[in-house]
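Welcome! Below are a few short exercises, each followed by a worked solution, so take your time and keep the structure in view.

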Amino acid sequence: MHLGIIGTGYVGLVAGAGFSDFGNDVVCADVDAGKIERLNRGEVPIYEPGLDDLITRNEKAGRLKFTTDIEETIRQADVVFCAVGTPPAADGSADLSAVYEVAKTFGRVIDRYKVFVDKSTVPVGTADKVREIVSGLTKVPFAVASNPEFLKEGAAISDFMKPDRVVIGSDDERAREMLKQLYAPFVRTADRIHVMDPRSAELTKYAANAMLATRISFMNDLAVLAEKIGADIESVRRGVGTDTRIGPKFLFAGPGYGGSCFPKDLSALVFLADQVGHSLDVVRAAEAVNKRQKRVLPSKIKAHFGEDLRGKVVGVWGLAFKPETDDIRESPALVLIDELLAAGATVKAHDPEAMPNIRAIYGDKVTLTDGPYDAADGADALALVTEWHAFRAPDFARLKRIMRTAALFDGRNMWPKEELARLGFTYQGIGRRPVAAAQNG
Ligand code: NAD
């Protein structure tokens, strides 16, 4: 099939590379000329494990191309995927201007039946609005479908190539069949394609993200309680996560969720519900807890050293909102850095992939170090924000030697608190029972 992918970000690039790997002819287009130039030079503008190889292989085979010519991309395609950004507007709603721009171009240039597929995360009713825009511009038959994307950054290739499920929302039989055919090789082992109406497909995406974010906030809320009443959230997590009705995923207490999806999608969902006179209270609570949770790490550091952190050096390990990505959008590390700098601390940080993105925001206000131990060298405190593999089991004896004060703030509950206490560290996790209390209790 001839496919056009408009928007070559985390979703568009992975989708374009993935579809081409299954033998489709794919053209990826973007308004960002710099990004396209880099892609045409063989550079991948984002960090996503396995993506370089997938792109190189399919470009060499002539099945994957990159361009800024959006009109031509739409003209050559049977199916056009819209994977542009839908960032939050000031009022919390999703900014759909890029989606509508693509819809207008689609309406202006189509000369035969084509399918417009919305892969971006968009509020319920967007497919209807896109249909209205395109109908106003052409008499050529076309269809609109919603095909939300569920990939996770960091594991995007395997999520895309072996999806848990594919959701296709369209009222047009021909479009449904084309999309089912396109996705059939991705779901060979079982029937995991769910065909539904566009509104249900649009809501499914928001529902999935809201459910996952709510699980995280629920555990983060309990983590605060656990600390106050002398329980350990890690034990609680294992205790509830092994209940098969609950399951173990998305139950880790931490520094609050970030990323380009959960925060903006929850706020867009709340906005959408408000518009039809329904207060989505569970989702609102998940958002409020997350906002509070992002301040837990800086609050712990201030509780330890005092509100005034002038003269203190804080090392930060991990800046991306999660491991295996360079994406720092809404990362809890940003709140931590802002609060530390505002309190007068010197911040030294390391991340395997996200440092260029942090440098673009903070310039020289944050010292970015070549390796993790450089960030801890001479530090009064070390905070773990993102659980990259390299940070999971560090050489604690070395840390003890190089840090000025041995205070560890483990935002991911990764580190062995008993061993750390033996080594002479002060350790604080999220919702964890202090070691002394555990021994006495
Ligand atoms: P991104 O910001 O990485 O990429 C968006 C791309 O769209 C950018 O390259 C931008 O230049 C381009 N663009 C913007 N306006 C355009 C236009 N008018 N024409 C052509 N290109 C245009 O965003 P992303 O993370 O890939 O997300 C895209 C959509 O997919 C969003 O709606 C997001 O919510 C959704 N989504 C993202 C993820 C994820 O993990 N990142 C997962 C599932 C769904």
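In this predicted model, a polar side-chain atom of D30 lies 2.6 Å from an oxygen atom of the ligand. Let us start from that contact.

**Exercise 1.** Find which atoms of the ligand are approached by E153 and R329.

*Solution.* Step 1: go to E153, where a polar side-chain atom is 2.7 Å from a nitrogen atom of the ligand. Step 2: turn to R329, whose side chain has an N or O atom 3.1 Å from an oxygen atom of the ligand. Step 3: look at the cover around the ligand. Taken alone, the ligand exposes 830 Å², and the protein buries 89% of that.

**Exercise 2.** Describe the shell of residues around the ligand, and explain where the ligand lies relative to domain 1 and domain 2.

*Solution.* Step 1: count the shell, which has 27 residues; the closest are D30, K35, T86, E153 and K264. Step 2: sort the shell by class, giving 10 nonpolar, 8 polar and 9 charged residues. Step 3: look for helices that contribute. Both α1 (10-21) and α5 (97-109) supply at least two residues each. Step 4: bring in the domains. Domain 1 (2-195) and domain 2 (206-292) both give residues to the shell, so the ligand lies between them.

**Exercise 3.** R329 also takes part in a salt bridge: identify the partner, and decide whether each of the two is buried or partly exposed.

*Solution.* Step 1: the partner is D327, with the closest N and O atoms 3.1 Å apart. Step 2: D327 has a relative accessible area of 3%, so it is buried, as this is under 20%. Step 3: R329 has a relative accessible area of 41% and is therefore partly exposed.

**Exercise 4.** Compare the setting of the salt bridge between R131 and D128 with that of the one between K152 and D159.

*Solution.* Step 1: recall that side chains of opposite charge can pair when their charged atoms come close. Step 2: for R131 and D128, the N to O distance is 3.1 Å. These residues sit in helix α6 (residues 126-135), 3 residues apart, which is about one turn of the helix. Step 3: R131 is partly exposed at 27% relative accessibility, and D128 is partly exposed at 27% too. Step 4: for K152 and D159, the closest N and O atoms are 3.0 Å apart. Here K152 is partly exposed at 37%, whereas D159 is buried at 16%.

**Exercise 5.** State how many salt bridges a search of the whole structure finds, and name the residues of a linked network.

*Solution.* Step 1: the search finds 28 salt bridges. Step 2: E37, R38, R41 and E43 are joined in a network of salt bridges.

Technical notes. Residues are numbered from 1 along each chain as its sequence is written. This is a predicted model: local features need pLDDT of at least 70, side-chain atom pairs count only at pLDDT 80 or more; totals for chains, interfaces and linings use all residues. Side-chain values use heavy atoms; hydrogens and water are left out. A residue is near a molecule or strand if one of its heavy atoms lies within 4 Å of it. A polar contact is a pair of N or O atoms within 3.5 Å; within protein, one must be able to donate a hydrogen and the other to accept it, and residues adjacent in sequence count only if both atoms are side-chain atoms. Accessible areas come from the Shrake-Rupley method with a 1.4 Å probe; for residues, only the protein chains shown count as cover. Helices (H or I, at least four residues) and strands (E, at least two) are DSSP runs, numbered from the N terminus. Ala, Val, Leu, Ile, Met, Phe, Trp, Tyr, Cys and Pro count as nonpolar, Asp, Glu, Lys and Arg as charged, and the others, Gly among them, as polar. Domain bounds come from an automatic or database domain assignment. A salt bridge is a side-chain nitrogen of Lys or Arg within 4 Å of a carboxyl oxygen of Asp or Glu. Buried means under 20% relative accessible area, exposed over 50%, partly exposed in between (1.4 Å probe, protein chains only).
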